Amino acid sequence: MENVLTIAGSDSLAGGGLQADLKTFEEFNVFGLSVITSVANIFPDDLKINVLSPKLLHEQLDSVTSQVKIAACKTGLLGSVENIQLVAEIINECQIPVVVDPVLAFKEGTSDNDPDYLEAMKNDLLPLATITTPNISEAEQLSGISISSKEDIQLAATKIQQLGVLNVLIKDGRETGDDYLLTGIEQHWISSEKLISNTTNGAGCTLSAAITALLSQNKTILESVTIAKKFVHDAIELGVLIDTNSGSVWQGATRKKGNQI
Ligand SMILES: Nc1ncnc2c1ncn2[C@@H]1O[C@H](COP(=O)(O)OP(=O)(O)O)[C@@H](O)[C@H]1O
Ligand SMILES: Cc1ncc(COP(=O)(O)O)c(C=O)c1O
């Protein structure tokens, strides 16, 4: 069984964050490990993020990488420029697939990104990624392009690719059902029916975690994204409501529906 690592923040509501990643890894029959970067606490009208120190982050990374052979890894919320740089340093030493979910824009509210954080994400981490998975707002920030059409999405993906990451997945499923994948020079629209649903917290984390698990099992980028998208679709469909307006995806949905992964 492959060992797969998430380096991400904690979401105590377990919609997104490393809790979503670990639940996803379990469904894909890989052994999930986690390194925690921050603690996010979500309230109906507020989002509080407490970032762990680089020292604590380093200790966890050291513990994992010195003892376990990791087959693939994903990054989520990293929380500070120092944490991005430290993660980049460690990842640079490992020759494994790396999925970077940039986590610059939350559905639950904005995490106030300072420009240095964005620059570190662009310059230090993205060039080391096998694939990155921005949502529309994150794609706008990374590419500098304001997106209002499918052509804008394609252009933004090319700009992000120019930062040094070969494979770019821009998620537009919330609006259209369709995500755009640029792999080298090939492009694909990965489509699914758009769900009218409030149970979408954690959809992005779950998608990138599923891609990570599949890459660890030697699936191609296109196969991984296609399978992961179906998995997330099920997870939104059978998600759990927290209140009348919002809720979380449920990673057990594909299993419950009896669908094949
Ligand atoms: N309402 C929806 N119907 C169908 N798919 C969706 C819906 N909302 C999100 N998705 C899909 O879930 C995945 C995560 O997208 P999204 O929720 O936009 O990311 P993020 O959590 O990073 O903001 C993507 O594959 C996207 O297409
Ligand atoms: C720690 C953490 N990371 C990432 C996310 C992003 O979640 P999503 O998959 O909805 O984009 C969240 C959202 O709750 C979070 O708390």
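A residue counts as buried if 20 or more other C-beta atoms lie within 10 Å of its own. Keep that cut-off in mind for this predicted model.

**Helix H1 and its surroundings**

Start with helix H1, residues 17-27. Of its 11 residues, 8 are buried, so the helix is mostly covered. The buried ones are Gly17, Leu18, Gln19, Ala20, Asp21, Lys23, Thr24 and Phe25. What do the buried residues of H1 pack against? Their partners are strand E1 (3-11), strand E2 (31-43), strand E4 (72-75) and helix H8. After H1 comes Asn29, with a positive phi near 60°.

**The nonpolar core**

The largest nonpolar core holds 70 residues. Leu125, Ala210, Ile211 and Val232 have the most contacts inside this core. Helix H8, residues 203-216, supplies the largest share of the core, with 9 residues.

Take a look at Ala210. Set aside its neighbours within four places in sequence, and Ala210 is in contact with Thr24, Phe28, Ala228, Phe231 and Val232. One of these, Thr24, is among the buried residues of H1.

**Two helix pairs**

Next come two pairs of packed helices. The first pair is helix H2 (residues 54-67) and helix H3 (residues 81-92). Their axes come within 10 Å and cross at roughly 20°. Angles under 35 degrees count as roughly parallel, and H2 and H3 are therefore roughly parallel to each other. Their crossing is right-handed. On the H2 side, Pro54, Leu57, His58, Leu61 and Thr65 take part, and they meet Glu82, Asn83, Leu86 and Ile90 of H3. Sorted by class, this contact has 5 nonpolar, 3 polar and 1 charged residues.

The second pair is helix H5 (residues 136-143) and helix H6 (residues 150-161). Here the axes lie 9 Å apart, at an angle of about 55°. H5 and H6 are therefore oblique to each other. The crossing of H5 and H6 is left-handed. H5 brings Ala139, Glu140, Leu142 and Ser143 to the contact, while H6 brings Ala156, Lys159 and Ile160. These residues divide into 4 nonpolar, 1 polar and 2 charged.

**Positive phi in the loops**

Most residues other than glycine have a negative phi. Val103 and Asn218 have positive values, although Val103 is not a glycine and neither is Asn218. The table sets out both.

| Residue | Phi | Loop | C-beta neighbours inside 10 Å |
|---|---|---|---|
| Val103 | about 40° | between strand E5 (98-100) and helix H4 (115-125) | 28 |
| Asn218 | about 70° | between H8 and helix H9 (221-237) | 12 |

Is Val103 buried or exposed? Its 28 neighbours mean that Val103 counts as buried. Asn218, with 12 neighbours, counts as exposed.

**A leucine in another loop**

Leu128 sits in the loop between H4 and strand E6 (131-132). With 18 C-beta neighbours inside 10 Å, Leu128 counts as partly exposed. Which residues does Leu128 contact, leaving aside its neighbours within four places in sequence? They are Ala88, Ile91, Asn92 and Val98. Leu128 and Leu166 are 38 residues apart along the chain, and their C-alpha atoms are separated by 9.7 Å.

Key:
Residues numbered from 1 in each chain as written. Chains lettered and ligands numbered in written order. Predicted model: local features only at pLDDT ≥ 70, side-chain atom pairs only at ≥ 80, totals over all residues. Core = buried A, V, L, I, M, F, W, Y, C linked by C-beta atoms within 7 Å. Helix = DSSP H or I, 4+ residues; strand = E, 2+ residues; numbered from the N terminus. Contact = placed C-beta atoms within 7 Å. Axes fitted to C-alpha atoms, helices over the stretch in contact; angles between N-to-C directions. Parallel < 35°, antiparallel > 145°, perpendicular 65-115°, else oblique. Left-handed = near helix turned anticlockwise from the far one by under 90°. Nonpolar A, V, L, I, M, F, W, Y, C, P; charged D, E, K, R; others polar.
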